[in-house]
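Let's walk through this one together, starting with the cysteines and moving on to rings, charges and empty space. Have the viewer open as you read.

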Amino acid sequence: MGLLPRMPDVAASEVPRLAADVDAALAAYEVNPWADDPTSFYVAPPAPDRPQSTPRRLGKVRYSLLSFDSGYAPHQGIPGSGRWMDLQGSDRAHAFVLQHREPGRPWLVNLHGYSSGKPMDLLAFRAQHHHQLGWNVIHPILPLHGLRARRPNRSGQGFLTLDYVQHLHSFGHAVWDVRRCLAWVREQGASSIALHGVSLGGMMTALLGAVEPGIDQAIAGTPLVDLSKPVRQETVEPARALYDRHDLLGEQLDLVHRVVSPLNMECRVPEDGRFVYGGVADRMTTPGEAHRLWVHWGKHDVCWYPGSHCASAWSREARRFVDGVLARSS
């Protein structure tokens, strides 16, 4: 699938540590309601306190950089919290914003893919186009991405990993920060809220559609929905033999990922507000992932465009599909 960094040189000493982390994480599931209700894993955050807005420009696109203290704290009992927080460049969360002066506008929340989170996302998502159609637009930057990457790491490095208990922290942190952005959006007097995510952002869209109340539309493009599958596929020798020895690629892998899989959660978005699109030649997340989410969401509107994973940004079919969805509530 090409989404996770390969780890062929995993130290033998680290695999028993991962096995212990898995046991500790599953023990935390036993004393919390997370296994029966995965949405309870995500605590509702407050709106940002004293957010700052700085004017920025990308070519002809004028936007603001919204910044605030994340305030995220990992769950007690989930191992690896210290390692996760040490990966952060800072505690500041950021988002790109295109906002009209008049209140009461609809808001479009664009959620980027793995290794993105840069101003160029404004072009890939056609933020100015939708702004000109009357939308306010916000692009939250996920942890470890873009401005939030810790140098010299590349954007996204460490967010997805074969050290997979860490996914509980990466998605817990990401959902927390995006929900804080949504709380800020509501303070601006949003008339409605639409989510649109691509790839990793498609998975975030599906998670938020299950966790966050009051979302009017959710558009998941080329979504990733099941992290167990790529972990199994991309764990290669010599690491694979070590993982198998500790039974790290069997049922425990699925159990750990239960709270970060949108397929285990009921979508809270109205049925007529759920939309999925995927590329029939997608060899990264594959069309099968989009199909699984489409079925889980009740088989509502779907678009299959003739292209690859990355082609969604310039696919005429995908663009028309997204514009048609947003035209219904603009």
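How many disulfides does a search of the whole structure find? Zero, it turns out. Keep in mind that this is a predicted model, and then look at where the cysteines sit. Start with Cys-181: the closest cysteine sulfur belongs to Cys-267 and is 20 Å away, which is too far for a bond. A disulfide would need the two sulfur atoms within 2.5 Å. Cys-267 doesn't find a partner either, since its nearest cysteine sulfur, in Cys-303, is 19 Å off. Both cysteines are tucked away from solvent: Cys-181 is buried at 3% relative accessibility, and Cys-267 is buried at 8%.

On to the aromatic rings. The whole structure holds 11 aromatic pairs. Take Trp-84 and Phe-159: their ring centres are 6.4 Å apart and the planes meet at 70°, so this pair counts as edge-to-face. The cut-off behind that call is a plane angle over 60 degrees. What does this pair link? It joins distant parts of the chain, with Trp-84 in helix α2 (residues 81-87) and Phe-159 in the loop between β5 (136-140) and α5 (167-187), 75 residues apart. Neither ring gets any solvent: Trp-84 is buried at 0% relative accessibility, and Phe-159 is buried at 0% too.

A second edge-to-face pair is made by Trp-107 and Trp-184, at 5.6 Å centre to centre and with 80° between the planes. This one also bridges distant parts of the chain, since Trp-107 belongs to strand β4 (residues 107-111) and Trp-184 to helix α5, 77 residues apart. Trp-107 is buried with a relative accessible area of 0%, and Trp-184 is buried as well, with 9%. Elsewhere, Tyr-29, Trp-34, Phe-41 and Tyr-42 gather into one aromatic cluster.

Now for the charges. There are 15 salt bridges in the structure. One of them is between sequence neighbours you can find quickly: Asp-49 and Arg-50, whose closest N and O atoms are 3.1 Å apart. Is Arg-50 buried or exposed? It is exposed, at 65% relative accessibility.

Other bridges reach further along the sequence. Asp-69 pairs with Arg-92, with the closest N and O atoms 2.9 Å apart. Asp-69 is in strand β2 (residues 61-69) and Arg-92 in strand β3 (residues 92-98), so the bridge ties together parts that are 23 residues apart in sequence. Both ends see some solvent: Asp-69 is partly exposed at 42%, and Arg-92 is partly exposed at 22%.

Then there's Asp-226, which meets Arg-292 in a salt bridge at 3.2 Å, N to O. Asp-226 comes from the loop between β7 (217-221) and α7 (228-234), while Arg-292 comes from helix α10 (residues 286-296), so this contact ties together parts 66 residues apart in sequence. The two ends differ in exposure: Asp-226 is buried at 16% relative accessible area, whereas Arg-292 is partly exposed at 35%.

Charges can also join up into something bigger than a pair. Glu-14, Arg-17, Asp-21, Arg-83 and Asp-163 are linked in a network of salt bridges. Some of those names come back when you turn to the empty space. A search of the whole structure turns up one cavity of 30 Å³ or more, and it holds about 40 Å³ of space. Which residues line the largest cavity? Among them are Arg-17, Asp-21, Arg-83 and Asp-163, along with Pro-79, Gly-80 and His-169. By type, the lining divides into two nonpolar, three polar and four charged residues.

Finish at the largest pocket, which has about 510 Å³ of space. Its lining has 27 residues, and Ser-116, Val-198, Cys-310, Ser-312 and Ala-313 lie nearest the centre. The elements that give two or more residues to this lining are α3 (121-124), β6 (193-198) and α11 (316-327). Of the elements, α11 gives the most, with three residues. As for chemistry, the lining of the largest pocket splits into 13 nonpolar, 11 polar and three charged residues.

Technical notes
Residues numbered from 1 in each chain as written. Predicted model: local features only at pLDDT ≥ 70, side-chain atom pairs only at ≥ 80, totals over all residues. Heavy atoms only, no water. Phe/Tyr/Trp six-rings, centres within 6.5 Å; stacked < 30°, edge-to-face > 60°. Helix = DSSP H or I, 4+ residues; strand = E, 2+ residues; numbered from the N terminus. Buried < 20%, exposed > 50% of the residue type's maximum accessible area, 1.4 Å probe, protein only. 1 Å grid on protein atoms, 1.4 Å probe; cavity = no way out; pocket = protein on both sides within 12 Å on 5 of 7 lines; lining within 4 Å. Points joined across faces, edges and corners; volume = space filled by probe spheres on them. Nonpolar A, V, L, I, M, F, W, Y, C, P; charged D, E, K, R; others polar. Salt bridge = Lys/Arg side-chain N within 4 Å of Asp/Glu carboxyl O.
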